[in-house]
Amino acid sequence: MFTWSRNKVNWWDLSWRSVDLPSTTLYYYADAEPIARMAAPLVLESDRALQNAFQYDLQTFTANKTIPKIIYTSHHTFEQTNTIEQVVPEGVLGFTEFIKGRVVFPYTGGNYEFRHVLEHENTHIHMIHKLKHVFKANGIFDVSKLLPTLWFSEGLAEFESAGRNPVTDQRRMD
């Protein structure tokens, strides 16, 4: 499972809390409450923008189930997450579990970066649900066909989270 000397060590026993939003449940621990309060309106705004961009209603596609979004107060605590078995590398700012449909990300101290990562990962969730709906409507039930190529998945998430700017245009042209 883990390579030698790469075991995850949990330094703290976190007492988890949650707040329910339409189509989303934010999970956070006591120290992250101010971040969760800041994240809640950002999630709602991102959901509205993505539903408009993808032309669909997320609550309809998720059968009124909520999408879990797990927030950590720092990258250090984020690296200890047990939502995945792998060790989270230092450069990873968040991830979306495509199969379980949950989003995990830390607050790294910058509001702009936090919003960008939240919107980027939220785009992945919206894309997954839109693809599921389109595939199901066309009689495609093979889950292996659900996952788009990396360039499409990351490109769309980056475009939706950062919009058009010289950096995203350069990435798109490369």
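Contact here means heavy atoms within 4.5 Å of each other, and helix directions are read as angles from 0 to 180 degrees between N-to-C directions. With that in hand, let's walk through this predicted model, starting with a helix. Helix α1, residues 33–54, lies across three strands: β1, β2 (24–29) and β3. Against β2, α1 runs at about 160°.

Those strands belong to an open sheet of five, and its order is β1-β2-β3-β5-β4. The pairing in this sheet is mixed. Strands of a sheet pair through backbone hydrogen bonds, and they can do so in a parallel or an antiparallel way. At the edges you will find β1 (16–21) and β4 (95–97), each of which pairs on one side only. From one strand to the next, the twist averages 20°.

Now look at one pair within the sheet. Strand β3, residues 67–72, and strand β5, residues 102–106, pair in the parallel sense, and four bridges join them. If you want a spot to find on screen, try Y72, which stands opposite P106 in β5.

A second helix also packs on the sheet: α4, residues 111–137, touches β3, β4 and β5. The direction of α4 makes about 170° with that of β5. Helix α4 has 27 residues and reaches 39 Å from its first C-alpha to its last, close to the 39 Å expected at 1.5 Å a residue. After α4 comes G139, and its phi is positive, near 75°.

Where does α4 appear again? It contributes three residues, the largest share, to the lining of the largest cavity. The count comes to one cavity of 30 Å³ or more, and the volume of the largest cavity is about 30 Å³. Its lining is made up of L93, P106, T108, E113, F114 and V117. By class, that lining has four nonpolar residues, one polar and one charged. You have already met P106: this residue lines the cavity and also lies opposite Y72.

Terms used
Residues numbered from 1 in each chain as written. Predicted model: local features only at pLDDT ≥ 70, side-chain atom pairs only at ≥ 80, totals over all residues. Heavy atoms only, no water. Pairing = 2+ DSSP bridges. Helix = DSSP H or I, 4+ residues; strand = E, 2+ residues; numbered from the N terminus. Expected span 1.5 Å × (residues − 1). 1 Å grid on protein atoms, 1.4 Å probe; cavity = no way out; pocket = protein on both sides within 12 Å on 5 of 7 lines; lining within 4 Å. Points joined across faces, edges and corners; volume = space filled by probe spheres on them. Nonpolar A, V, L, I, M, F, W, Y, C, P; charged D, E, K, R; others polar.
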